[in-house]
Amino acid sequence: MKHTYLLFIFATALLCSCGQKTTEAPTAADTCKVVFCADSAYQYVVEQCRFGARTPGSAAHQQCGDWIGERFRALGLEVEEQAAPLTMWDAKTFQCRNIIAKYNAQQLADSTTALTPVIIAAHWDSRPWADEDPDESKHNEPVMAANDGASGVAVMLEMARQIKEVCPRRPVHFVCFDLEDYGKDDKADSFALGAQHWAQHNTTAYEWGILLDMVGGRDAQFCYEGFSMRYAPWLVARTWAAAQTTGQARFFPQRDGGFITDDHGPMNEAGIPTIDIIPFYEQAGVSSFGPTWHTTADTPENISKETLQAVGQTLFQLLHEHN
């Protein structure tokens with residue numbers, strides 16, 4: 001998944017100058033009182049990984065996709081799937097399965113005054129090759145993808161479980177993209193195939209979107225991602241301010257990261273202003289995506305509940321503030 005970070009420099013004014021969309025600092029009364037449950041989110045990571053690596057075409061992929069849809073339905077959301085055969089860079093064809101779960105969908109259908117929905121997304125497939133593993137003998141083994149896939153879906157499932165308490169006025173759509181991580185680095189369009197397909201066929205207007213990618217790693221920090229700043233600097237500002245309000249500023253430092261090829265690319269190109277919450281590690285000798293990225297060590301044992309909590313609470317605050 002994703003191409004290596006390219007560092008970028010933005011003037012501080014870019015983040016603060018939000019065009020027509022501005023926001024004031026929330027008061028204490030504006031703080032979301034709902035506490036995101038990291039223990040539950042972590043269990044959702046474990047449950048996905050129990051199926052095995054969710055590589056395209058595998059039994060684990062089919063079974064986990066069924067489970068994700070069933071969980072969202074059990075939580076009271078309206079679920080639909082977008083399926084289509086897609087051909088990969090190596091000429092193999094797999095059935096793409098994007099899973100869309102809608103909260104307050106009926107409100108939007110019944111009311112002419114309902115607010116435009118927002119979208120929160122993550123990918124749910126696993127990379128078939130651990131090509132960044134320090135042990136080269138493991139490069140052809142699949143990635144369990146506890147962080148690089150399951151963590152984003154887990155945060156969305158836990159948000160769906162608690163969302164009635166947050167009571168957002170806008171409908172919220174959770175989208176699980178398939179076929180994100182089958183790409184090859186020297187083939188620019190080979191990543192995010194599920195998101196590309198979704199964007200080409202989406203007919204819903206969205207106010208904004210947030211992509212969650214690798215949101216459970218230990219010691220993760222989420223810096224400003226370059227394309228997010230290009231397409232939706234005002235949403236970056238709101239999200240990082242929400243992190244400060246909830247006491248999660250150490251996970252969301254106010255500094256630049258880099259430009260990332262990810263599922264938010266097709267969303268932005270389709271006219272949905274979308275940002276990517278994705279980690280940026282600066283430790284020497286470690287990938288900018290973290291030490292478990294595309295390795296066999298991307299397992300639940302290396303997931304941090306603190307990181308899941310930071311991301312989930314920030315998103316609850318954002319939905320609470322900006323209805």
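Visitor: Is the crossing of α2 and α5 left-handed or right-handed?

Guide: The crossing of α2 and α5 is right-handed. In a right-handed crossing the near helix is turned clockwise from the far one by less than a right angle, and in a left-handed one anticlockwise. This is a predicted model, where local features need pLDDT of at least 70, side-chain atom pairs count only at pLDDT 80 or more, and totals for chains, interfaces and linings use all residues. Residues are numbered from 1 along each chain as its sequence is written, and side-chain values use heavy atoms, with hydrogens and water left out.

Visitor: At what angle do α2 and α5 pack?

Guide: α2 (residues 38-50) and α5 (residues 146-166) pack at about 130 degrees, and their axes are 8 Å apart. Axes are lines fitted to C-alpha atoms, for helices over the stretch in contact, and angles run from 0 to 180 degrees between N-to-C directions. Helices (H or I, at least four residues) and strands (E, at least two) are DSSP runs, numbered from the N terminus. The pair is therefore oblique. Under 35 degrees counts as roughly parallel, over 145 as roughly antiparallel, 65 to 115 as roughly perpendicular, and the rest as oblique.

Visitor: Which residues in α2 and α5 meet?

Guide: From α2, S40, A41, Y44, V45, Q48 and C49. From α5, they meet A146, A150, S151, V153, A154, L157, E158 and R161. Contact means heavy atoms within 4.5 Å.

Visitor: How many nonpolar residues are in the contact of α2 with α5?

Guide: Nine, along with three polar and two charged residues. Ala, Val, Leu, Ile, Met, Phe, Trp, Tyr, Cys and Pro count as nonpolar, Asp, Glu, Lys and Arg as charged, and the others, Gly among them, as polar.

Visitor: Now the sheet. In what order do the six strands come?

Guide: The order is β1-β2-β4-β3-β5-β6, in an open sheet with mixed pairing. Two strands pair if DSSP finds at least two bridges between them. β1 (78-87) and β6 (274-277) each have a single partner strand, so one side of each has no neighbour in the sheet. The twist averages 20 degrees from one strand to the next.

Visitor: Over how many bridges do β1 and β2 pair?

Guide: Ten, in the antiparallel sense. L86 is bridged to F94 of β2, and V79 to A101. The two strands make a hairpin with five residues between them. In that turn, A91 has a positive phi of about 75 degrees.

Visitor: And how do β2 and β4 pair?

Guide: They are antiparallel too, over five bridges. K102 stands opposite H173 in β4.

Visitor: What lies across β2?

Guide: Helix α3 (residues 59-74) lies across β1, β2 and β4 (172-177), at about 10 degrees to β2. Helix α6 (residues 193-201) lies across β1, β2, β3 (118-123) and β4, at about 115 degrees to β1.

Visitor: How many residues of β2 are buried?

Guide: Nine of eleven. Buried means under 20% relative accessible area, exposed over 50%, partly exposed in between (1.4 Å probe, protein chains only).

Visitor: Last topic. Where is A192 found?

Guide: A192 is in the loop between β4 and α6. Its phi is positive, about 60 degrees, though A192 is not a glycine. A192 is buried, at 4% relative accessible area.

Visitor: M214: buried or exposed?

Guide: M214 is buried, at 1% relative accessibility. M214 sits in the loop between β5 (209-212) and α7 (226-231). Its phi is positive as well, near 60 degrees.
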